[in-house]
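Got a few minutes to poke around a model together? Have the structure open and follow along.

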Amino acid sequence: MGDIFVVAEHRKGEIREITLEMLFKARELCQTSSHNLTAILLGGKDAGFVDDLAKWADRVIAFEDDRLEIFNADLYKEILDTLIREHTPFLTLMGHTSWGMDLAPALSIRTGFPLVTDCVDIQTVGDRPMVTRQIYSGKLFSKVSFKESPGYLITVRPGAFLPPDGVEESQGKVVRQELPAGLTEPKKEFVEFVDTGAGDIDITQAELLVSIGRGVGEEDNIATIRELADLMGATLSCSRPVVDKNWLPKFHQVGTSGKSVKPKVYLAFGISGAFQHVAGITGAGTVIAINKDRKAPIFRVADYGIADDLFKVADALKEEL
Ligand SMILES: Cc1cc2nc3c(=O)[nH]c(=O)nc-3n(C[C@H](O)[C@H](O)[C@H](O)COP(=O)(O)OP(=O)(O)OC[C@H]3O[C@@H](n4cnc5c(N)ncnc54)[C@H](O)[C@@H]3O)c2cc1C
């Protein structure tokens with residue numbers, strides 16, 4: 001029996017959803033394999049996260065210091081490295097997020113523990129973890145096992161494990177620790193959070209979203225889908241490439257680096273269904289996908305799918321309306 005560590009993520013005074021998703025999965029693993037669940041918190045003084053984490057875990061190890069209020073990979077790495085060496089947890093879970101992508105490879109090198117990234121499922125087989133990842137843009141699943149090691153590191157894809165409402169609360173023990181002595185001065189420095197701007201629409205409040213992806217082809221084609229959205233009384237949203245190409249402003253973007261939306265109906269035109277996009281629509285009611293590639297991963301999460309040219313479908317809908 002060992003520990004499962006979950007590295008808690010927070011931003012601007014709030015625990016991030018990925019933390020609860022990892023705690024939920026880790027708790028399930030602990031129930032089937034009699035490990036202990038430990039949430040690791042690196043945060044500012046009086047952040048107030050400890051009590052929330054203790055509801056999920058058997059134990060919370062908290063480092064609370066003003067230097068840790070905002071994520072700093074250099075500092076966090078050093079503290080986590082020390083902690084992992086001290087406790088040798090069976091498993092350490094981090095989000096497959098900007099935090100985890102920065103921390104996990106360095107921790108793997110420092111501790112010598114094997115790492116598998118971007119996992120969508122975790123099981124234990126015998127005395128080792130076995131994880132599931134998506135490959136070929138989400139078209140295939142692959143199972144990955146680890147070489148034998150005293151501990152294992154995993155980054156978890158956001159949205160892979162959604163905790164149900166009303167999870168039974170624990171009364172985890174809280175262990176507050178001082179920062180390790182002689183921490184190296186970090187080479188990185190936080191400068192500022194840059195707000196992307198509120199914009200003139202709020203896709204998070206829309207009941208009906210018509211969303212476009214790279215499949216729309218070029219900027220001029222957006223007008224025809226915008227027309228459809230107007231006819232339907234829908235709000236226009238999009239995937240990230242549409243924003244990256246400057247076809248639409250950032251506040252239209254759905255996904256992990258955009259916004260999470262919860263419309264009653266979500267129509268996806270020419271969106272492949274990459275996990276970073278799909279993670280933003282887990283709260284949507286009915287998802288309707290239009291994509292000319294019938295193997296596109298979006299069809300896995302769609303309630304209804306049309307495997308056809310998006311412009312043909314948009315024209316037909318407009319005519320009907
Ligand atoms: C750190 C990070 C964060 C990210 N955050 C986000 C995020 O927040 N949101 C997000 O969306 N992405 C995000 N991404 C990008 C993500 O990985 C995908 O690259 C992106 O979602 C793909 O967008 P897409 O589906 O529009 O384009 P593509 O994957 O290129 O898909 C286009 C689809 O259109 C279809 N198509 C083409 N022409 C037609 C046609 N005429 N009719 C019908 N279908 C057609 C194609 O079959 C294809 O499936 C992120 C990536 C990283 C690394």
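Below are some questions and answers on this predicted model, starting with the ligand and moving on to the sheets.

Q: How many residues surround the ligand, and which are the closest?
A: Counting residues with a heavy atom within 4 Å of the ligand, you get a shell of 24. The closest of them are Arg214, Ser239, Gln253, Ser257 and Ser272.

Q: By class, what does the shell around the ligand have?
A: Nonpolar residues number five in the shell. Charged ones come to six, and the polar count is 13.

Q: Which polar side-chain atom lies 2.7 Å from a nitrogen atom of the ligand?
A: Start with the ligand's oxygen atoms: one is 2.7 Å from a polar backbone atom of arginine 214, and one is 2.8 Å from a polar side-chain atom of asparagine 291. For the nitrogen atom, the 2.7 Å partner is a polar side-chain atom of serine 257.

Q: What share of the ligand's accessible area does the protein cover?
A: On its own, the ligand has 990 Å² of accessible area. With the protein in place, the covered share is 75%.

Q: Which helices each supply at least two residues of the shell around the ligand?
A: Look at residues 240–244 and 275–278. Each of these stretches is a helix that gives at least two residues to the shell, and their names are α6 and α7.

Q: Which are the edge strands of the open sheet of five strands?
A: Reading across, the order is β13-β12-β14-β15-β16, with parallel pairing. An edge strand here pairs on one side only, and that picks out β13 (235–238) and β16 (304–306).

Q: What is the bridge partner of leucine 208 in β14?
A: Strands β12 (residues 208–212) and β14 (residues 265–269) run parallel and share five bridges. Within β14, leucine 208 is matched with valine 265.

Q: Which strands does helix α9 touch?
A: Helix α5 (residues 222–232) packs on this sheet too, touching β12, β13 and β14, at about 175° to β12. Helix α9 (residues 310–320) makes about 135° with β14, and the strands it touches are β14, β15 and β16.

Q: Why is one side of β9 and of β11 left without a neighbour in the sheet?
A: These two belong to an open sheet of nine strands with mixed pairing, in the order β9-β8-β7-β10-β6-β1-β4-β5-β11. One side of each is free because β9 (140–145) and β11 (173–176) stand at the edges, each with a single partner strand.

Q: Which residue in β6 does valine 6 stand opposite?
A: β1 (residues 3–7) pairs with β6 (residues 91–95) in the parallel sense, over three bridges. Opposite valine 6 in β6 is leucine 93.

Conventions. Residues numbered from 1 in each chain as written. Predicted model: local features only at pLDDT ≥ 70, side-chain atom pairs only at ≥ 80, totals over all residues. Heavy atoms only, no water. Polar contact = N/O pair within 3.5 Å; in protein donor to acceptor, adjacent residues only side chain to side chain. Areas by Shrake-Rupley, 256 points an atom, 1.4 Å probe, with all protein chains shown as cover. Helix = DSSP H or I, 4+ residues; strand = E, 2+ residues; numbered from the N terminus. Nonpolar A, V, L, I, M, F, W, Y, C, P; charged D, E, K, R; others polar. Pairing = 2+ DSSP bridges. Contact = heavy atoms within 4.5 Å. Axes fitted to C-alpha atoms, helices over the stretch in contact; angles between N-to-C directions.
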